Amino acid sequence: MSRFSRGLIVWYKQNERDLPWRKTSDPYKVWVSEIILQQTRVNQGLNYYINFVNCFPTVFDLANAAEDEVLKQWEGLGYYSRARNMHAAAKEVAYNLKGEFPNNYDQLIKLKGIGPYTAAAISSICYNEHRTVVDGNVFRVLTRIFGIDTPINSSKGKKEVETLAHELNDDGDHGTFNQALMEFGAIYCTPKLPKCNGCMFKLECVALKTGMVDKLPVKEKKLKIRHRFLNFLFVIDQNNQTIIQRRNENDIWKGLYQFPLIETSKEESEEIVLSNCNYAFIKGATINSVNSSKHKLTHQTLYIRIISLQVKFDNTNLPPDYQLINFNDIGEYALPKPLDNFCKHIL
DNA sequence: AACCCGGGGAC
DNA sequence: GTCCCAGGGTT
């Protein structure tokens with residue numbers, strides 16, 4: 001076995017963080033941790049992991065839960081398809097696989113929400129299958145140490161790093177190697193200000209020798225940011241009732257709940273927004289207040305406006321798919337972050 | 001291959 | 001403001 005893998009694993013055993021999913025061999029819990037940590041830093045996902053496995057201790061508990069319940073646990077974490085796909089996969093495991101979690105890469109990757117990374121992670125960590133993970137950390141560490149300047153978001157660059165990583169994963173403990181490589185990227189070989197001075201690879205790192213540390217990995221293509229103008233109507237009547245609607249379209253926040261929405265293509269005044277919408281329940285309503293905020297996502301900038309309206313509901317006018325609830329029960333529904341912030345603010 | 005999907009932390 | 005995080009699904 002190579003000096004690289006041996007040294008890395010020794011480093012890991014001395015420096016690994018104390019994290020709950022490293023103390024279990026239950027593939028269900030390892031799976032939950034891997035899904036939560038997709039595109040999510042450990043510090044952001046840690047409490048969600050603890051709450052999630054507490055709420056759904058086994059794959060049967062998750063399978064038997066309602067989707068709204070699962071999404072409520074996921075509220076605020078983002079990328080909600082992870083929760084929906086994990087719920088669907090839990091049903092598959094519980095009902096069609098008799099609760100026995102797939103124990104190899106080829107079966108794991110068939111489950112919804114499990115792609116090449118997660119299948120490699122679970123199969124190597126739980127079953128010591130010889131699979132190698134390639135995540136953002138692995139891309140960064142290996143392109144720097146080996147001086148690879150092929151764009152990592154090209155298929156050529158991906159394959160180059162995958163092949164290298166798999167060759168380096170030549171110690172017998174493949175799961176530990178994978179976790180060590182990712183941990184090294186997360187703690188030492190960070191995107192900004194990596195700790196090159198104390199790095200165990202400082203003598204051989206091509207990027208350090210050639211002054212390319214802050215240039216690698218190379219990524220081409222910049223994404224365009226879409227601007228959207230979301231006007232929500234927070235209507236409330238004398239009995240503290242309000243209207244919500246489940247987002248079921250293929251868009252951000254699918255499966256979460258929102259107040260009645262009027263989306264415009266550009267900034268509009270409240271008067272224009274209200275006059276151009278055909279919600280019957282706002283007839284004769286008076287504006288209590290208007291709350292504006294900007295919510296920045298990776299691919300979209302959302303200009304959020306929440307118009308609070310005092311109304312008297314005429315139940316016959318409630319459109320289909322809209323629900324009348326007591327505002328005191330709003331906490332039972334998973335809300336997009338900006339709406340959750342609003343509700344917490346006015347309570 | 002290109003695009004979509006959240007939220008937050010570090011700088 | 002910029003970058004990117006223990007990625008995956010869809011088209």
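A residue counts as near a strand if one of its heavy atoms lies within 4 Å of it. Keep that cut-off at hand for the exercises below, and remember that the model is predicted.

**Exercise 1. Which residues come nearest to DNA strand C, and how do the residues around this strand divide by class?**

Step 1. Applying the cut-off gives 24 residues around DNA strand C, and R22, L37, G113, T118 and M182 come nearest.

Step 2. Sort the residues of this surface by class: 6 are nonpolar, 10 polar and 8 charged.

Step 3. Now turn to the DNA side. Of the strand C atoms within 4 Å of the protein, 64% are sugar or phosphate atoms, and the rest belong to bases.

**Exercise 2. Find polar contacts that DNA strand C makes with R22, R41 and G115.**

Step 1. Start with R22, where a side-chain N or O atom is 2.6 Å from a base nitrogen of DNA strand C.

Step 2. Move to R41: a polar atom of its side chain lies 3.2 Å from a base oxygen of DNA strand C.

Step 3. Finish at the backbone of G115, which places a polar atom 2.9 Å from a phosphate oxygen of DNA strand C.

Step 4. Then place the surface on the fold. Helices α8 (116-127), α9 (136-145) and α11 (174-187) are the elements that give two or more residues to the surface near DNA strand C.

**Exercise 3. How many residues surround DNA strand B, and which are the closest?**

Step 1. The neighbours of DNA strand B number 21, with R41, K221, I252, W253 and H299 the closest.

Step 2. By class, this surface has 7 nonpolar, 10 polar and 4 charged residues.

Step 3. Sugar or phosphate accounts for 59% of the strand B atoms within 4 Å of the protein, and bases supply the rest.

Step 4. Look at individual atoms. The side chain of R41 has a polar atom 2.6 Å from a base nitrogen of DNA strand B, and the R41 side chain also has a polar atom 3.2 Å from a base oxygen of DNA strand C.

Step 5. Two backbones add to the picture: a polar backbone atom of L77 is 3.4 Å from a base nitrogen of DNA strand B, while a backbone N or O atom of K337 lies 3.2 Å from a phosphate oxygen of that strand.

**Exercise 4. Describe how domain 1 and domain 2 of chain A meet.**

Step 1. Set the bounds: domain 1 covers 3-136 + 151-190, and domain 2 covers 226-346. Their centres, taken over C-alpha atoms, are 36 Å apart.

Step 2. Examine the interface. Here 9 residues of domain 1 contact 14 residues of domain 2, and the two domains bury about 890 Å² between them, 46% of it on carbon and sulfur atoms.

Step 3. Look for charged pairs. There are 2 salt bridges between the domains; D68 and R246 form a salt bridge with an N to O distance of 3.0 Å.

Step 4. Add the polar contacts, which link 7 residue pairs across the interface. On the domain 1 side, helix α5 (residues 67-74) gives the largest share, 4 residues. That side has 3 nonpolar, 1 polar and 5 charged residues.

**Exercise 5. Which parts does the pair D171 and R6 tie together?**

Step 1. The whole structure has 18 salt bridges. The side chains of D171 and R6 meet in a salt bridge, at 3.9 Å from N to O.

Step 2. D171 sits in the loop between α10 (155-168) and α11, and R6 in helix α1 (residues 3-15), so this pair joins parts that are 165 residues apart in sequence.

Technical notes. Residues are numbered from 1 along each chain as its sequence is written. Chains are lettered from A and ligands numbered from 1 in the order in which they are written. This is a predicted model: local features need pLDDT of at least 70, side-chain atom pairs count only at pLDDT 80 or more; totals for chains, interfaces and linings use all residues. Side-chain values use heavy atoms; hydrogens and water are left out. A polar contact is a pair of N or O atoms within 3.5 Å; within protein, one must be able to donate a hydrogen and the other to accept it, and residues adjacent in sequence count only if both atoms are side-chain atoms. Ala, Val, Leu, Ile, Met, Phe, Trp, Tyr, Cys and Pro count as nonpolar, Asp, Glu, Lys and Arg as charged, and the others, Gly among them, as polar. Domain bounds come from an automatic or database domain assignment. Contact means heavy atoms within 4.5 Å. Buried area is the accessible area (1.4 Å probe) that two parts lose on being put together, summed over both. A salt bridge is a side-chain nitrogen of Lys or Arg within 4 Å of a carboxyl oxygen of Asp or Glu.
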